[in-house]
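Got the model open in your viewer? Keep the selection box handy, and let's walk through it stop by stop.

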Amino acid sequence: MQRIRLRYTKRGRLRFTSHRDFQRAFERALRRAEVPMAYSAGFTPHPKVSYANAAPTGTGSEAEYLEIALTEPRDPERLRALLDESLPAGLDIVEAVEARSSSLADRLTASVWELRLDGIAPEDARRAVDVFNAAGAVEVQRRTKNGVRTFDARSAVAHLESAETHSSPADRPTDQACAILRLVVRHVTPAVRPDDVLSGLRAVADLAPPVPAAVTRLAQGLFDEETGTVIDPLAPDREAAATEPHPAGATAAATAPA
């Protein structure tokens, strides 16, 4: 059984697709591309697809990950192109590697987010960021299926800054004032989301954007405590593929047409 890890995006209007919507679209793409999927056992077999830490509905992302299991070997780049052609524009498969290292989920311990705050002056955002960073704890509330829950949004934030420019395409380009925030959030329990950080900024610094923030996940991966950076989770697989030779028979099968 071959395992392939994929990185995909949610861009433009497709950021409003739910995780379940994406699952349906992706399974249709697997059928259209005639991918030789492995299936689970039991009365209702399902294709073996493992989704990892999906972004909330309404947020864009440049770094969503999943893993699929195949019954026959395929060339990862060829497979990526076939699946990308079978998905709507905005849900784009941008990278594929053969799984050659430990669990993918274990290497997704933090995310880098960008928040576009239309109607907020950059200097006001910088002042709010300074107050948030200086706080020892920032309690926020979120309504869950079990009621309202209070938790600390500050402890999960490894880095928060007000940036001068944004690196992702603007969802709502305007001429009005606009602040850009960048933050690195550790994946903890309970999960701290970008909207929780915005709630914290409102609580400690009265920062309240007049319109909902445009949120984009720029990256996710293993958090390096020493450097404060988020490491590409597919890097170990690429490095292993570059150093481990394929058997001749497997190479021939992998390059055969899907």
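## First stop: the second largest pocket

Start at the second largest pocket, which encloses about 210 Å³ of space. Select Asn 53, Trp 113, Ala 191, Val 192 and Arg 193: of the 16 lining residues, these are the closest to the pocket's centre. Now colour strand E5 (110-118) and strand E9 (178-186), since each supplies at least two residues of this lining. Colour the lining by class and you'll get nine nonpolar, three polar and four charged residues. One reminder before moving on: this is a predicted model.

Stay on Asn 53 for a moment. Which loop holds Asn 53? Asn 53 lies in the loop between strand E2 (49-52) and strand E3 (60-70). Check the backbone there: phi is positive, about 55 degrees, although Asn 53 is not a glycine. With a relative accessibility of 37%, Asn 53 counts as partly exposed.

Next, select Thr 189 and Pro 190. The peptide bond from Thr 189 to Pro 190 is cis, with omega near 0 degrees. Pro 190 is in the loop between E9 and H4.

## Along H4: the largest pocket

Follow the chain into H4 and bring up the largest pocket, with about 250 Å³ of space. Its lining has 15 residues, and those nearest the centre are Pro 194, Asp 195, Leu 198, Ala 213 and Val 215. Which element gives the most to this lining? H4 does, with five residues. By class, the lining of the largest pocket comes out as eight nonpolar, four polar and three charged residues.

While you're here, show the side chains of Asp 196 and Arg 142. They meet in a salt bridge, 2.3 Å from N to O. The two partners are 54 residues apart in the chain, with Asp 196 in helix H4 (residues 194-205) and Arg 142 in strand E6 (residues 139-144). Are they buried or exposed? Both Asp 196 and Arg 142 are buried.

Now step on to Asp 206, in the loop between H4 and strand E10 (214-224). Here is another positive phi in a residue other than glycine, near 60 degrees. Asp 206 is exposed, with a relative accessible area of 65%.

## Into the cores

Hide the surface and select Leu 115, Leu 117, Leu 160, Leu 181, Val 197 and Leu 201. Of the 27 residues in the largest nonpolar core, these six touch the most other members. The elements that give two or more residues to this core are E5, helix H3 (122-134), strand E8 (157-163), E9 and H4.

Pick Leu 160 and show its contacts. Leaving out residues up to four places away in sequence, Leu 160 touches Val 129, Phe 132, Asn 133, Leu 181, Arg 182, Leu 183, Val 197 and Leu 201. Apart from the largest core lies another one, of 22 residues, including Val 35, Leu 79, Leu 82 and Ile 93.

## Over to E1: salt bridges and a cavity

How many salt bridges does the structure hold? There are 20. For one of them, zoom to Glu 95 and Arg 7, where the closest N and O atoms are 3.3 Å apart. This pair links distant parts of the chain: Glu 95 belongs to strand E4 (residues 93-98) and Arg 7 to strand E1 (residues 2-10), 88 residues apart. Glu 95 has a relative accessible area of 17%, so it counts as buried, the cut-off being under 20%.

Then add Glu 98 and Arg 100, another salt bridge, with 3.6 Å between the closest N and O atoms.

Finally, select Tyr 8, Lys 10, Thr 17, Ser 18, His 19, Phe 22, Ala 54, Ala 55 and Glu 64, which line the largest cavity. Its volume is about 60 Å³, and the structure holds two cavities of 30 Å³ or more. E1 and helix H1 (19-32) each supply at least two residues of the lining. By class, four of the cavity's lining residues are nonpolar, three polar and two charged.

## Zooming out

Switch back to cartoon view for the whole chain: six helices and eleven strands. Buried residues make up 43% of its 258 residues. Of the contacts with a separation of 6 or more, 77% are between residues 24 or more positions apart.

Key: Residues are numbered from 1 along each chain as its sequence is written. This is a predicted model: local features need pLDDT of at least 70, side-chain atom pairs count only at pLDDT 80 or more; totals for chains, interfaces and linings use all residues. Side-chain values use heavy atoms; hydrogens and water are left out. A salt bridge is a side-chain nitrogen of Lys or Arg within 4 Å of a carboxyl oxygen of Asp or Glu. Helices (H or I, at least four residues) and strands (E, at least two) are DSSP runs, numbered from the N terminus. Buried means under 20% relative accessible area, exposed over 50%, partly exposed in between (1.4 Å probe, protein chains only). On a 1 Å grid over the protein atoms alone, a cavity is a set of points where a 1.4 Å probe fits but cannot get out, and a pocket is an open set with protein on both sides within 12 Å along at least five of seven lines; lining residues have an atom within 4 Å of a point. Grid points are joined across faces, edges and corners, and a volume is the space filled by probe spheres set on the points. Ala, Val, Leu, Ile, Met, Phe, Trp, Tyr, Cys and Pro count as nonpolar, Asp, Glu, Lys and Arg as charged, and the others, Gly among them, as polar. A nonpolar core is a set of buried Ala, Val, Leu, Ile, Met, Phe, Trp, Tyr and Cys residues joined through side-chain atoms within 4.5 Å. Contact means heavy atoms within 4.5 Å.
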